[in-house]
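Subject: Structure for your files

Hello,

The sequence and structure are below. Notes on what was found follow.

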Amino acid sequence: MMIVHIVGARPNFMKAAPVIRALGQYEHITQTLIHTGQHYDQRMSDVFFHELELPPPDYNLDVGSGSHTTQTAQVMLRLEELLEQQPCDLMLVYGDVNSTLAAALVAVKRGIRLGHVEAGLRSFDRTMPEEINRILTDQMADLLFTPSEDGDANLLREGIAAEQTHRVGNVMIDTLTRLLPAIQQRWQMPLHTPWHHQRYVLATLHRPSNVDDPASLRSLLEALADISQLTPIIFPIHPRTHQRIQALGLTELPATLHLSEPLGYLDFLALQQHAALVITDSGGIQEETTFLQVPCLTVRANTERPITVTLGTNTLVGHDRTRLRDEAATILREGPQRGRIPPLWDGKASERIAQVLAGNG
Ligand code: UD1
């Protein structure tokens with residue numbers, strides 16, 4: 001059986017790596033890895049392949065950046081052309097980025113069976129491009145691998161047959177547990193930050209809803225500047241955010257708010273594990289902090305990962321900057337409140353996926 005994996009953007013790589021490794025145990029399964037090229041910078045892509053020990057992609061579609069429509073259309077056109085030559089019994093797509101939806105559309109239109117890893121997550125906010133990508137990909141998938149119970153419930157409510165859904169747990173946590181020794185080693189090395197081994201806050205922001213509107217970005221940076229007076233902040237910047245900050249022409253940020261290039265995964269995880277607090281608008285970081293038991297403030301009004309709030313260490317602070325400042329000050333003063341690690345976030349999710357797929361051969 002030939003399984004084709006599609007990856008495109010940074011958050012896909014750590015989800016595909018453990019599934020590819022687990023499927024490698026089955027002799028009757030052969031695998032092909034296709035990178036759409038949605039993310040192409042060395043620091044957004046290559047470094048992850050290296051650190052995750054992912055095999056180099058068999059094909060790169062080199063679609064690059066563009067409007068969502070352009071990006072989605074380019075992946076579809078180039079992937080369809082490639083699949084004219086490339087045998088494929090089952091396609092696996094990951095998460096909720098534009099490449100995920102585009103590849104899923106190509107699979108169904110060509111009659112290829114489709115599996116979606118990280119199915120069922122919902123923010124119930126259709127203004128997020130990722131929410132549309134999730135809903136449509138799940139509607140098209142034959143096999144849906146969910147990380148948590150809320151995912152199963154969302155799929156049932158949307159009319160997807162229970163037999164198609166497999167609750168396997170969280171593949172990103174598979175990668176995280178495998179990398180823990182390497183993260184510990186990395187922590188012993190210089191991490192290119194001025195506050196290494198001191199108390200610090202780690203921040204990441206890249207959602208269009210936070211960074212594309214100049215007033216929103218400015219007020220967020222002001223809040224971070226204030227929080228950094230309590231504890232210095234390390235802020236690795238996504239290319240999108242970097243462009244927006246440059247456009248704002250902001251030069252007067254305090255030295256305690258340290259802007260850095262995007263980091264490799266091991267550096268970033270090491271900094272996450274030892275942070276006093278993480279402030280983010282990412283999806284995956286809400287999960288990683290829950291697993292690492294590090295307090296997380298999510299600068300969004302909603303989350304598609306509610307279990308990180310109900311069980312884990314995550315708090316949604318919405319777009320209220322006063323709330324962000326107050327919650328950060330409380331955590332920095334009183335220390336973390338411990339959360340629980342959700343069921344099946346045990347490092348074995350990809351093995352469970354491989355078992356389902358091997359049985360379906
Ligand atoms: C994408 C995903 C988002 C995910 C994020 C993680 C979608 C809709 N969004 O958002 O869910 O959380 O990846 O990083 O798929 N750019 C570069 N170099 C790169 C990639 C992007 O400079 O390697 C710049 C380009 O100017 C580009 C912009 O970043 O236009 C946005 O990139 P894009 O892939 O469209 O979306 P992300 O914001 O990265």
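Of the 19 residues around the ligand (a heavy atom within 4 Å of it), His39, Tyr40, Asn98, Glu130 and His206 come nearest. This is a predicted model, in which local features need pLDDT of at least 70 and side-chain atom pairs count only at pLDDT 80 or more, while totals for chains, interfaces and linings use all residues. Residues are numbered from 1 along each chain as its sequence is written, and side-chain values use heavy atoms, without hydrogens and water.

The ligand's oxygen atoms have backbone partners. A polar backbone atom of Tyr40 is 2.9 Å from a ligand oxygen. For Asp41, a backbone N or O atom lies 2.9 Å from an oxygen atom of the ligand, and for Asn98 the distance is 2.8 Å. Taken alone, the ligand exposes 750 Å² (Shrake-Rupley method, 1.4 Å probe), and the protein buries 88% of that.

Helices and strands here are DSSP runs (H or I, at least four residues; E, at least two), numbered from the N terminus. Buried means under 20% relative accessible area and exposed over 50%, with a 1.4 Å probe and protein chains only.

In helix 10 (residues 239-248), Thr241, Ile245 and Leu248 are buried. Seen down the axis, these buried residues fall within an arc of 55 degrees (directions from the helix axis to the C-beta atoms), so they line one face of the helix. Gln246 and Ala247 are exposed on the other side of helix 10. Just after helix 10, Gly249 has a positive phi of about 70 degrees.

Helix 11 (residues 265-274) is largely enclosed by the rest of the structure, because eight of its 10 residues are buried.

Regards

Notes: A polar contact is a pair of N or O atoms within 3.5 Å; within protein, one must be able to donate a hydrogen and the other to accept it, and residues adjacent in sequence count only if both atoms are side-chain atoms.
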